[in-house]
Structure formats: structure tokens, C-alpha cells
Amino acid sequence: MKRGLTVVFWIDAIIAVAFGIYSWMCPLETFGTILEIPEEHANEFLSLFAVLSLFYVLIGMVCIICARSNFQVHFWIGLVMLIRHLIEGLLKWKDIGEDWLTGNPYPDLVIHTLFTVAYAITLYFAYKKRVLWKP
């Protein structure tokens with residue numbers, strides 16, 4: 001199941017890097033559909049969005065490096081990614097109905113839920129196989 005975990009890392013990497021680059025190039029089109037940006041603080045928000053975009057690119061790069069690494073790195077970084085997606089999904093769920101939220105949080109919630117489940121399943125089977133077949 002290491003191959004399954006590698007596939008999850010590659011998919012996560014592609015989505016994270018693509019979203020990071022797109023959100024860096026078009027921050028208002030990306031984040032402006034999620035929350036209302038006050039005009040008097042637009043520059044501060046744009047700076048914050050640039051950092052957030054960089055964060056997504058770096059997360060994608062970590063996934064790429066991890067996809068090409070050994071089992072020990074796969075397992076521990078996969079666990080970190082599972083926790084990251086779980087926390088982000090829970091935060092999106094908490095945001096539903098907030099006054100400042102102008103967009104739809106459900107697509108993000110679905111994405112993070114799917115990645116949480118994908119990491120959990122592939123980590124379980126990769127670890128199970130590794131423990132059972134350990135020489």
C-alpha cells in the first residue's frame with residue numbers, strides 16, 4: 001500500500017501547488033469569494049494571502065519530496081498530512097454560518113474530508129502490511 005500512499009501524496013502535491021500558484025497570481029479572485037475584504041485593509045489582506053499561497057506551495061513541495069522517499073518518511077509525514085487535513089476540515093466545518101464568510105465552505109470541507117480518509121486508509125494498510133511482513 002506504499003504505492004497508494006505515494007499516489008495520495010502526488011495528488012495532494014498537485015492540488016496544493018496549483019492552488020498556491022493560482023491563489024498567489026489571483027488572490028482577490030481566490031480568497032475574495034470566500035470572505036469579505038474591507039477596502040481600507042486590502043493591502044494587509046493581500047500580504048496575508050501571499051503568505052498563505054506560499055504555505056500551500058510549500059505543503060505541495062513537502063508532499064513531492066515525501067512521495068519520493070522511504071517508508072519511514074512516508075508514514076510520519078503521511079500522519080502529519082492526515083492531521084493537517086483533519087484540522088482544516090474541522091475548521092471549515094466550524095466556519096459554516098459565520099457572518100464574515102461570504103463563500104461556500106463545502107467544497108473545501110469535502111476536499112479535506114476526502115484527503116483525511118485517503119491518508120487514514122493508505123496509512124493503515126501501509127503500516128499493517130509493513131508490520132505483518134516485517135522480516
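Threonine 6 is buried, its relative accessible area being 15%, because that value falls under the 20% that bounds the buried class. This residue belongs to helix α1, which covers residues 2-25, in what is a predicted model. Beyond its neighbours within four places in sequence, threonine 6 is in contact with Ala67 and His74. With histidine 74, the side chain of threonine 6 also makes a polar contact of 3.3 Å.

From this one position, the description can widen to the whole chain. Five helices and zero strands make up its secondary structure, and from the N terminus on the order of elements is α-α-α-α-α. Along the principal axes, the C-alpha atoms fill a box of roughly 65 × 30 × 15 Å. The chain has 135 residues, of which 34% are buried. When contacts between residues at least 6 apart in sequence are considered, 73% of them join residues at least 24 apart. The accessible surface amounts to about 8900 Å², and carbon and sulfur atoms account for 72% of it.

Confidence in the prediction should be kept in view. The mean pLDDT of the chain is 86, and 92% of the residues score at least 70. Helix α1, where threonine 6 lies, has the highest confidence, at 92, whereas helix α2 (residues 27-31) has the lowest, at a mean of 79. Where pLDDT is low, the predicted coordinates should not be read in detail.

The charged side chains are considered next. Side chains of opposite charge can pair when their charged atoms come close. The structure holds four salt bridges. One of them links aspartate 12 with arginine 84, with 3.9 Å between the closest N and O atoms. Aspartate 12 is in helix α1 and arginine 84 in helix α4, so this salt bridge ties together parts of the chain that are 72 residues apart in sequence. Both partners are withdrawn from the surface by the accessibility criterion: aspartate 12 counts as buried at 2% relative accessibility, and arginine 84 is buried at 12%.

Arginine 84 has a further partner. Its side chain meets that of glutamate 88 in a salt bridge of 2.6 Å, N to O. Glutamate 88 is likewise buried. Here the two residues both lie in helix α4, four residues apart, about one turn of the helix.

Another salt bridge, at 3.5 Å from N to O, joins aspartate 108 and lysine 92. Aspartate 108 is in helix α5 (residues 106-132) and lysine 92 in helix α4, so this pair ties together parts that are 16 residues apart in sequence. Aspartate 108 is partly exposed, with a relative accessible area of 26%. Through shared partners, salt bridges join Asp12, Arg84 and Glu88 into one network.

Helix α4, which spans residues 71-95, also contains isoleucine 83. At 42% relative accessibility, isoleucine 83 is partly exposed, because this value lies between the 20% and 50% limits of that class. Isoleucine 83 takes part in a nonpolar surface patch together with Trp76, Leu79, Ile87 and Leu91. The accessible area of these residues together is about 470 Å². In sequence, isoleucine 83 directly precedes arginine 84, which is buried, whereas isoleucine 83 is partly exposed.

Notes: Residues are numbered from 1 along each chain as its sequence is written. This is a predicted model: local features need pLDDT of at least 70, side-chain atom pairs count only at pLDDT 80 or more; totals for chains, interfaces and linings use all residues. Side-chain values use heavy atoms; hydrogens and water are left out. Buried means under 20% relative accessible area, exposed over 50%, partly exposed in between (1.4 Å probe, protein chains only). A polar contact is a pair of N or O atoms within 3.5 Å; within protein, one must be able to donate a hydrogen and the other to accept it, and residues adjacent in sequence count only if both atoms are side-chain atoms. Contact means heavy atoms within 4.5 Å. Patches are made of residues with over 30% relative accessible area and no salt bridge: like charges are joined within 9 Å, nonpolar side chains (Val, Leu, Ile, Met, Phe, Trp, Tyr) within 5 Å. Accessible areas come from the Shrake-Rupley method with a 1.4 Å probe; for residues, only the protein chains shown count as cover. pLDDT is the predictor's confidence in each residue, from 0 to 100.
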